[in-house]
Amino acid sequence: MSKYRSWHRGVVGIIFAVFAAYPAGAESLVPLQGHVAQQIQSATLVERAPADEMVTLSLVVRLDQTLLDQTFESLYGRSAPAQKHFLSSAEFAQKFDLADKRKMLKDFAQANGLSLDTAPDQPESLIVKVSGPSSAVEKTFSVQLNHYRDARGRAFRANTTDPMIPASLATHLGSVLGLSNLAGMFNPRIRHPSTKSSSAMISGGTGPNGGLSPTDIKTIYGLSQTSLTGSGQTVALFELDSFVASDITAYEAQFGLPSITVTPVNVDGSAYAPNTPDGQIEVSLDIEMIAALAPGVSKILVYEGPAAAVATNQNVLDTYDRIATDNAAQVASTSWGLNEQDSGLSVIQSESQIFQRMAVQGQTMYAAAGDCGAYDQEDHSGHCITTNGFRVDDPASQPYVTGVGGTSLSGSVASPTETTWNEFASIEPSGTGGGVSAVWPLPSFQQGVRNVPDVALNSDPDTSPYSICVNGSCNACVPGNCPTLVGGTSAAAPLWAAVTALINQSRATLGTGSFGFANANLYQLATSTSSATLFNDITTGNNAHFNAGTGYDNATGWGSFKGGGLINSAGTLVAQISLETLPNVYAFPNPWDIRRTTQRQVTIANVPDDATIKTFTVSGFWVKTLTASNTHAVWDLTNDSRRARRRRWLARCRPNPMPPGLHRREYLKNWPPRFRKPTTLFL
């Protein structure tokens, strides 16, 4: 219940509430963290923003995180019902008091001389749009706005400090986007065949120029026998460019597919022809990959934010918010992203609310994990940067998003071999994204820290590219210019979305409801005794830092899907994941400190009977699995000496060769893990 609700007694009462709530100088201010763009550190200061420069802001509602977590747990936790009641947008808005929160943000903005932008206003949105002159914005949020120019010559505006807001507003306002308007940071995750590659293409591809057709994809991934088409399902695609409808029609005609209704949804006033060649290819690829595996979907909604060249973080968030607010699609996919460091904390945290909202609304969200291996950074031409350390991609690293990595296929369509996609030995390096998040702690379905990707699929543009139709052609391909053969994790993400549409059709028939948050289901299936019939576990290769191995790894996650098996098991699955922590669990003595004790056993106490206890290194690598009995578990270290453990860990996890510039001692500094009392285990 809002503390202002009792004041809502007409216009006079509302005006009184506004000015009573925010009298000048009468209330302490608190900062909103994570709003200073790190790009200003390397940019040149030009001037202070003129006082009359108009600034458009997105005020992002801060949801009650405790209530949001409780709602999520009621749907996906251990006690979740078989028949889940996912929230509609209207139910979500009511449950989280969006009307009151949005009104508070509007009142605050107007009381400080900012104007409401009514055109994009949606009552169930988490975003309130306001605008005003720079001078008013600076005064409202106690910031200074400057103009900068970066090394590429891009001019942009940015604030130098985090915005300050009244303490009473801190539980209602989560972030203020638009203070910085740096644009052009987002690239599509697509790759074209390289003229420098010596890899041979997979044989048997029936698409033009030997590319993979829809039939080939179904053959490779075990979908040839299914009669499911995605009937009755709606898929949403996040885009920062546009498409030409005739290209989609050409793809359907080329491969004998039925016509699908494809509807653009313009966000932030965008309505434009394709902006760049790769941008147009990206949008066409995403649509056509859905059509390839789910040709019977009711519609594909293409949410088009402003073109990538001019899109800001503000536009990106607006577009995700629109997908969640409309709540018209059961599954969504994005093939656009940016590494966590360049994205900014305020944006990442605001996105997280939207994606968790989608989860409690029963919407599935997939995101491409990136095409620059463990480095996940590109220059303005799309070439991978390998000198700034290891990063992971946002939103693939988001806890409520399923990150999709890339694999490589060789051999034949009839009998393929699948390994980790890695072309870092070539002149044009690329490979599957994957690694450890610098932002997000441990999600309940993982161990250690947030690791990505979650799953993977073929992404190699050289050995196993997909055939698409774009620019009026399905066959345009000459050496060095082959727009109709495409790879990248951009293809893998929508293909996982398409398979989820098939799963949702199956679940609709069985009456088991939408798939919802995919990781709650996929991790449950991947750790089951039947996982080998559901996933192709990729055990070879690396992404220039993380090795693939048995089970989960940071190169390909749980692997690619075995379509028929996964659909059958997912059709009846009730997602119930553990969301509890046990703060009183502790271990004694320290299992790694063998220099100070002759004790060869360690006891882990205060755990539920039959609980599975998994110990991991701080970077997320599995060490040991135990089963509790009589409230404790015993780890016998007789055959687990420190030296033997280190040798086994290095054999499985160390990259080959070790990344340049990384000393062996530094690489091992987080090994072995240390138990402390008390500690927290996830069971």
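Start inside the protein, at the second largest cavity: this predicted model holds about 70 Å³ of space there. To find the spot, select Phe186, Val316, Gly337, Glu351 and Asp394, the closest to the cavity's centre among the 13 residues that line it. Now colour helix H9 (313-326), strand S15 (336-339) and helix H11 (345-360), since each of these elements gives two or more residues to the lining. What kinds of residues make up the lining of this cavity? By class, you'll find 8 nonpolar, 3 polar and 2 charged ones. If you feel like exploring further, the model has 3 cavities of 30 Å³ or more.

Keep H11 on screen and add helix H2 (residues 65-76). These two helices pack at an angle of about 35°, and their axes are 9 Å apart. Which hand does the crossing of H2 and H11 have, left or right? It's left-handed. To see the contact itself, show side chains on both helices: H2 brings Gln65, Leu68, Asp69, Thr71, Phe72, Leu75 and Tyr76, while H11 brings Gln356, Ala359 and Val360. Sort the residues of this contact by class and you get 6 nonpolar, 3 polar and 1 charged.

Last stop: aromatic rings. The model has 20 aromatic pairs, and one to pick out is Tyr523 with Tyr552. Their rings sit 6.4 Å apart, centre to centre, with 35° between the planes, which makes the pair tilted. Follow the chain from one to the other: Tyr523 is in helix H13 (residues 518-526), and Tyr552 is in the loop between strand S25 (535-536) and strand S26 (560-561). The two are 29 residues apart, so this pair links distant parts of the chain.

Definitions and conventions:
Residues are numbered from 1 along each chain as its sequence is written. This is a predicted model: local features need pLDDT of at least 70, side-chain atom pairs count only at pLDDT 80 or more; totals for chains, interfaces and linings use all residues. Side-chain values use heavy atoms; hydrogens and water are left out. On a 1 Å grid over the protein atoms alone, a cavity is a set of points where a 1.4 Å probe fits but cannot get out, and a pocket is an open set with protein on both sides within 12 Å along at least five of seven lines; lining residues have an atom within 4 Å of a point. Grid points are joined across faces, edges and corners, and a volume is the space filled by probe spheres set on the points. Helices (H or I, at least four residues) and strands (E, at least two) are DSSP runs, numbered from the N terminus. Ala, Val, Leu, Ile, Met, Phe, Trp, Tyr, Cys and Pro count as nonpolar, Asp, Glu, Lys and Arg as charged, and the others, Gly among them, as polar. Axes are lines fitted to C-alpha atoms, for helices over the stretch in contact, and angles run from 0 to 180 degrees between N-to-C directions. A crossing is left-handed if the near helix is turned anticlockwise from the far one by less than a right angle, and right-handed if clockwise. Contact means heavy atoms within 4.5 Å. Rings of Phe, Tyr and Trp (its six-membered ring) pair if their centres lie within 6.5 Å; planes under 30 degrees apart count as stacked, over 60 as edge-to-face and the rest as tilted.
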